[in-house]
Amino acid sequence: MTSETTDLPTAVTEYLHAAPDADPAALANLFAEDAIVVDDGKTYRGRNEIASWRTEVAQSFRYTTTQLRTEERADAFVVINRIEGNFPGGRIDLANRFTVDKAKQISSLTIEPATKG
């Protein structure tokens with residue numbers, strides 16, 4: 001079941017509202033110690049790799065993010081964002097699929113192109 005919602009867990013909201021060049025270590029602390037991020041076909045495990053991933057993204061691209069919609073699913077929160085910047089193609093809608101653990105930290109984040117609909 002999918003429903004529209006704006007009531008996201010605090011860690012997810014803080015992650016989404018962080019500037020692209022926000023402190024990578026602070027952002028990594030929104031994640032559980034053993035969290036996993038999957039982005040652009042690569043998997044990052046744990047806070048150190050997540051912080052390195054954020055550093056690489058911030059150094060490689062300049063972009064803006066516009067939140068298009070949020071969906072709460074039985075097992076995850078999905079946030080669809082439009083990203084525009086100096087990367088190949090210049091614009092893409094991405095689905096950010098978050099799971100959150102019992103401690104309310106992000107346990108996983110998968111970023112992939114959003115499907116229409």
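Author: Contact means that heavy atoms lie within 4.5 Å of each other. The model discussed here is predicted.

Reader: Against which elements do the buried residues of α3 pack?

Author: The buried residues of α3 are G46, I50, A51, W53, R54, V57 and A58. An α-helix has 3.6 residues a turn, so residues three or four places apart point the same way. The partners of the buried residues of α3 are α1 (10–17), α2 (24–28), β2 (31–39), β3 (42–45), β4 (63–73) and β7 (106–113).

Reader: How far apart are the end C-alpha atoms of helix α3?

Author: Helix α3 runs over residues 46–60, which makes 15 residues. At 1.5 Å a residue the helix should span 21 Å, and the model agrees, because the separation of its end C-alpha atoms is 21 Å.

Reader: Is L27 buried or exposed?

Author: L27 belongs to helix α2. Residues under 20% relative accessible area count as buried. L27 has a relative accessibility of 5%, so it falls in the class buried.

Reader: With which residues is L27 in contact, leaving aside its neighbours within four places in sequence?

Author: L27 of helix α2 has a C-alpha atom 7.2 Å from that of A51, although the two residues are 24 apart in sequence. A51 is one of the buried residues of α3, and R54 is another. Beyond the neighbours within four places, the contacts of L27 are Y15, A18, A22 and R54.

Reader: Which residue takes a positive phi in the hairpin of β2 and β3?

Author: β2 and β3 pair in the antiparallel sense, with four bridges between them. D39 has K42 in β3 as its bridge partner. Two residues lie between the strands of this hairpin, and the one with a positive phi, near 55°, is D40.

Reader: Which residues are joined into one network by salt bridges that share partners?

Author: The whole structure holds four salt bridges. E71 forms one with R69, with closest N and O atoms 3.1 Å apart, and E71 also meets R73 at 2.6 Å, N to O. E71 is buried at 7% relative accessible area, whereas R69 is partly exposed at 23% and R73 is partly exposed at 34%. Through shared partners, the network takes in R69, E71 and R73.

Reader: Which strands hold D93 and R82?

Author: The side chains of D93 and R82 form a salt bridge, 2.7 Å from N to O. This pair links distant parts of the chain, eleven residues apart. D93 lies in β6 (residues 91–100), and R82 lies in β5 (residues 77–85).

Reader: Which residue of the salt bridge between D93 and R82 is buried?

Author: The cut-off for buried is under 20% relative accessible area. R82 stands at 23%, so it counts as partly exposed. With a relative accessible area of 16%, the buried one is D93.

Reader: Which residues lie nearest the centre of the largest pocket?

Author: The largest pocket has a volume of about 890 Å³, and 30 residues line it. Two or more lining residues come from each of α1, β3, α3, β4, β5, β6 and β7. D39, the bridge partner of K42, and V57, a buried residue of α3, are among the residues nearest the centre. The full set nearest the centre is D39, V57, Y63, I83 and L94.

Technical notes. Residues are numbered from 1 along each chain as its sequence is written. This is a predicted model: local features need pLDDT of at least 70, side-chain atom pairs count only at pLDDT 80 or more; totals for chains, interfaces and linings use all residues. Side-chain values use heavy atoms; hydrogens and water are left out. The expected span of a helix is 1.5 Å times one less than its number of residues. Buried means under 20% relative accessible area, exposed over 50%, partly exposed in between (1.4 Å probe, protein chains only). Two strands pair if DSSP finds at least two bridges between them. On a 1 Å grid over the protein atoms alone, a cavity is a set of points where a 1.4 Å probe fits but cannot get out, and a pocket is an open set with protein on both sides within 12 Å along at least five of seven lines; lining residues have an atom within 4 Å of a point. Grid points are joined across faces, edges and corners, and a volume is the space filled by probe spheres set on the points.
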